[in-house]
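Visitor: I'm new to reading protein models, and I'd like a close look at one part of this one. Could you take me through it slowly?

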Amino acid sequence: RHEKARDLLVIGCWTALRVSDLMKLGDVKVRKEKEDEYIQVESTKVAGTYIEVSLHEHVQQIRQRWNGWPPLMSQQRFNEYAKELCKMAGMTESMRGEVAKVVEMDGKAVKRNVTGTYEKWELISSHTCRRSFATNFYGIIPTGDIMHVTGHSSERQLMEYIHAKPIDTRRRVRAAMASM
């Protein structure tokens with residue numbers, strides 16, 4: 001179970017697929033154009049919208065190991081196993097974030113996001129893949145390309161999504177100036 005979850009987590013980080021799209025990989029065919037292997041996925045969230053993503057060599061290696069896509073699992077199991085993997089990997093530093101918890105409201109048990117300080121592994125979920133993709137590629141590939149893959153309609157939305165800070169922009173501008 002951990003091997004499957006690990007491989008799905010890696011695929012998610014390299015493709016930025018929503019968990020609903022990630023869990024449909026069994027139906028996704030890999031396409032090839034010259035040296036580029038890629039997938040084309042119809043977005044679950046926005047019908048009629050297709051996302052094409054090149055497959056990183058790590059994803060290609062995973063596909064070779066499984067002779068196709070790894071066996072899929074439910075979103076709940078994926079989240080549970082991803083947390084276990086990250087805890088085993090020692091991701092225990094404390095940080096601020098939100099965790100979905102069952103709380104009592106008006107005499108009823110409801111699920112709500114509760115902001116607080118948690119160990120990093122507790123904050124991991126399927127959505128971590130999408131945010132990691134956007135954060136890791138920001139400043140490396142054009143922002144518009146990231147937005148196309150993640151489905152954000154404005155740069156402002158993307159900046160809020162990846163928690164961009166003014167200092168990040170200032171550092172990139174300074175690096176660009178130094179290279180001129």
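Visitor: Let's zoom in on two helices: are α1 and α4 roughly parallel or roughly perpendicular to each other?

Guide: Good place to start, and keep in mind that this is a predicted model. Two packed helices are described by the angle between their axes and the distance between the axes. For helix α1, which covers residues 2-15, and helix α4, which covers residues 75-88, the packing angle is about 95 degrees. Angles from 65 to 115 count as roughly perpendicular, so α1 and α4 are roughly perpendicular to each other. Their axes are 9 Å apart.

Now look at who does the touching. On the α1 side, the contact is made by H2, A5, R6, L8 and L9. On the α4 side, you'll find F78, Y81, A82, E84, L85 and M88. Sort these residues by class and the contact of α1 with α4 comes out as 8 nonpolar, 1 polar and 2 charged.

These two helices also turn up around an open space. Rolling a probe the size of a water molecule over the atoms shows where empty space is left. Here, the largest pocket holds about 1,100 Å³ of space. Both α1 and α4 supply at least two residues each to its lining, and so do β4 (94-105), β5 (108-119) and α5 (127-137). The lining has 30 residues in total, and the ones nearest the centre of the pocket are L123, I124, S125, T128 and R131. By class, this lining has 10 nonpolar, 12 polar and 8 charged residues.

Let's follow the pocket wall to its two strands. β4 and β5 pair in the antiparallel sense, over 12 bridges. If you want one spot to find on screen, try E98, which stands opposite T115 in β5. The two strands form a hairpin with 2 residues between them, and D106 takes a positive phi near 55 degrees there.

The other piece of wall to follow is α5, which has a helix partner too. The axes of α5 and helix α6 (residues 143-150) come within 10 Å and cross at roughly 170 degrees. Angles over 145 count as roughly antiparallel, so that is the word for α5 and α6. Compare that with the crossing we began with, where α1 and α4 are roughly perpendicular. The α5 side of the contact uses R130, F133, A134 and F137, while α6 brings I146, V149 and T150. By class, that gives 5 nonpolar, 1 polar and 1 charged residues.

Two of those contact residues, R130 and T150, also line the second largest pocket. The second largest pocket has a volume of about 170 Å³. The rest of its lining is R18, K45, V46, H127, G151, H152 and Y161. By class, the lining has 2 nonpolar, 4 polar and 3 charged residues.

There is another sheet to visit before we zoom out. It's an open sheet of 3 strands in the order β1-β2-β3, paired antiparallel. β1 (30-33) and β3 (50-54) stand at the edges with a single partner strand each, so one side of each has no neighbour in the sheet. On average, and ignoring direction, neighbouring strands here are turned by 35 degrees against each other. Between β1 and β2 there are 4 bridges, and R31 has Y38 in β2 as its bridge partner. These two strands make a hairpin with 2 residues between them, and K34 in the turn has a positive phi of about 55 degrees. On the other side, 5 bridges join strand β2 (residues 36-42) to β3, with E42 partnered by Y50 in β3.

Finally, step back and take in the whole chain. It has 8 helices and 5 strands, and reading along the sequence you meet them as α-α-β-β-β-α-α-β-β-α-α-α-α. Along its principal axes, the C-alpha trace spans about 60 × 45 × 35 Å.

Definitions and conventions:
Residues are numbered from 1 along each chain as its sequence is written. This is a predicted model: local features need pLDDT of at least 70, side-chain atom pairs count only at pLDDT 80 or more; totals for chains, interfaces and linings use all residues. Side-chain values use heavy atoms; hydrogens and water are left out. Axes are lines fitted to C-alpha atoms, for helices over the stretch in contact, and angles run from 0 to 180 degrees between N-to-C directions. Angles under 35 degrees count as roughly parallel, over 145 as roughly antiparallel, 65 to 115 as roughly perpendicular and the rest as oblique. Contact means heavy atoms within 4.5 Å. Ala, Val, Leu, Ile, Met, Phe, Trp, Tyr, Cys and Pro count as nonpolar, Asp, Glu, Lys and Arg as charged, and the others, Gly among them, as polar. On a 1 Å grid over the protein atoms alone, a cavity is a set of points where a 1.4 Å probe fits but cannot get out, and a pocket is an open set with protein on both sides within 12 Å along at least five of seven lines; lining residues have an atom within 4 Å of a point. Grid points are joined across faces, edges and corners, and a volume is the space filled by probe spheres set on the points. Two strands pair if DSSP finds at least two bridges between them.
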